[in-house]
Protein chains: 2
Amino acid sequence: MENTVEQQDKTAQVITPSQLLEHWQGHRRVTRRTIEAFPEKEFFTHSIGGMRPFSGMVSELLAIAVPGLKEIVTGETTTFNENLNHGNSKATILQWWDEATEQINELWSEIPAEKFQEHVKLFGQYEGPVQSQIFYFIDNEIHHRGQGYVYLRSLGVEPPFFYDRS
Amino acid sequence: MENTVEQQDKTAQVITPSQLLEHWQGHRRVTRRTIEAFPEKEFFTHSIGGMRPFSGMVSELLAIAVPGLKEIVTGETTTFNENLNHGNSKATILQWWDEATEQINELWSEIPAEKFQEHVKLFGQYEGPVQSQIFYFIDNEIHHRGQGYVYLRSLGVEPPFFYDRS
């Protein structure tokens, strides 16, 4: 009986909340490997065409994921702050990344399925249904990580496999 | 009454099939603007770190979207072929892009909601539920387009706004 209910729930959904969480965390594992692949110095300095170093992009991702999800859960407006005091340490950023992984899992468990279609405004300005906000978080991460891949290639470093989300 | 049913359907879904189509087509509009932003010659030649020119990545996207979706709809195995005979013409690729836009809309209307959780194998080798296949199509496009943004910046060309999906 439980199997049938679960089956119905799964077939009713294009993507279930738990599948979407796994989808995001899978991408976050690839991003973590991308950070690891950078030589320490170049992570904070390497740039192409006047763009930010990859550390700047990762700071943005950290400033969006947990604060944005927390605002979705609590409804309390937060300000966007990507000026993180990482002291040019990759280890610090990787530690924050892992802490965010846990916090995302915890916050996710507080989002009921019907919440994904609710309209919210995040960081005092970005409006849309919760699902579109979360897809923006994920897509923005994929976008910047793709840029990080070019940085790595230009440094002669092989990026992680895009398709391996384990 | 109809409103209530629609409301229930919408709140039951994390993302509805029509929202997912619009999500994808919104990204495809950004990719189209990215192709347009490239100078004709550099679209087919510019490279960083030994990577493909952006035309090669776009050929891959064209080889995935409609053929992959057609395989999801018909169940007929297709082979992956990204060696498109574009004759180094951006206009030809843009025309194919627009034709694919229409074909995606038509094929999408043939995918019932319960299909997204069905397990399929595409191009004779990639296995997973339909939703994960479609998210792979979209994510792969975002990934390569992000790389195209770096190419554009390195050429001194401003890429389109990532957040504008209109």
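User: Happy to look at this with you! Which residue of E2(B) is the bridge partner of Leu122(B)?

Analyst: Good place to start, and keep in mind that this is a predicted model. In chain B, E1(B) and strand E2 (residues 126–129) run antiparallel and are joined by four bridges. Within that pairing, the E2(B) partner of Leu122(B) is Tyr126(B).

User: What has a positive phi in the turn of the hairpin formed by E1(B) and E2(B)?

Analyst: E1(B) and E2(B) form a hairpin that leaves three residues between the strands. Most residues other than glycine have a negative phi. The exception in this turn is not a glycine, yet its phi is positive, at about 50 degrees. That residue is Phe123(B).

User: Is Phe123(B) exposed, or partly exposed?

Analyst: Phe123(B) sits in the loop between E1 and E2 of chain B. Its C-beta has 16 other C-beta atoms within 10 Å, and a residue is buried from 20 and exposed at 12 or fewer. Phe123(B) is therefore partly exposed.

User: How about the hairpin in chain A: what is the bridge partner of His119(A) in E2(A)?

Analyst: Strand E1 (residues 119–122) and strand E2 (residues 126–129) of chain A run antiparallel, with four bridges joining them. They form a hairpin with three residues between them, and Phe123(A) in the turn has a positive phi of about 50 degrees. For His119(A), the partner in E2(A) is Pro129(A).

User: What pattern does chain A follow along the sequence?

Analyst: Chain A contains six helices and two strands. Its C-alpha atoms fill a box of roughly 55 × 35 × 25 Å along the principal axes. Read along the sequence, the pattern is α-α-α-α-α-β-β-α.

User: What percentage of the 166 residues in chain A do buried residues make up?

Analyst: Contacts tell us something first: among those in chain A with a separation of 6 or more, 66% join residues 24 or more positions apart. As for burial among the 166 residues of chain A, the share is 30%.

User: Which residues touch the most other members of the largest nonpolar core?

Analyst: This core has 30 residues. Helices H2 (17–37), H4 (54–74) and H6 (130–154) of chain A, together with H2 (17–37), H4 (54–74) and H6 (130–154) of chain B, each supply at least two of its residues. Apart from it lies another core of 22 residues, with Tyr151(A) and Phe43(B) among them. In the largest core, the residues that touch the most other members are Val14(A) and Val14(B).

User: Which element gives the largest share of the side of chain B that touches chain A?

Analyst: The contact takes 31 residues from chain B and 31 residues from chain A. On the chain B side, helix H1 (2–12), H2 and H6 of chain B give two or more residues. By class, that side has 14 nonpolar, 13 polar and four charged residues. Its largest share, twelve residues, comes from H6(B).

User: How far apart are the end C-alpha atoms of H2(B)?

Analyst: H2(B) has 21 residues, and at 1.5 Å a residue they should span 30 Å. The model agrees with that expectation, because the end C-alpha atoms of H2(B) are apart by 30 Å.

User: What arc do the buried residues of H2(B) cover around the axis?

Analyst: Buried residues of H2(B) include Leu20(B), Trp24(B), His27(B) and Ile35(B). The buried residues lie on the same side of H2(B), because the arc they cover around the axis is only 155 degrees.

User: And which elements do the buried residues of H2(B) pack against?

Analyst: Arg28(B), Val30(B), Thr31(B) and Thr34(B) are also among the buried residues of H2(B). The elements they pack against, all in chain B, are helix H3 (40–45), H4, helix H5 (90–108) and H6.

User: Which residue takes a positive phi just after H4(B)?

Analyst: In H4(B), the buried residues include Phe54(B), Met57(B), Ile64(B) and Leu69(B). What covers the buried residues of H4(B) includes H2, H3, H5, strand E1 (119–122) and H6 of chain B. Just after this helix, a positive phi of about 80 degrees is taken by Gly75(B).

User: Last one: is Asn88(A) buried or exposed?

Analyst: Asn88(A) lies in the loop between H4 and helix H5 (90–108) of chain A. Its phi is positive, about 50 degrees, although it is not a glycine. With 12 other C-beta atoms within 10 Å, Asn88(A) counts as exposed.

Key. Residues numbered from 1 in each chain as written. Chains lettered and ligands numbered in written order. Predicted model: local features only at pLDDT ≥ 70, side-chain atom pairs only at ≥ 80, totals over all residues. Pairing = 2+ DSSP bridges. Core = buried A, V, L, I, M, F, W, Y, C linked by C-beta atoms within 7 Å. Contact = placed C-beta atoms within 7 Å. Nonpolar A, V, L, I, M, F, W, Y, C, P; charged D, E, K, R; others polar. Expected span 1.5 Å × (residues − 1). Arc of directions from axis to C-beta.
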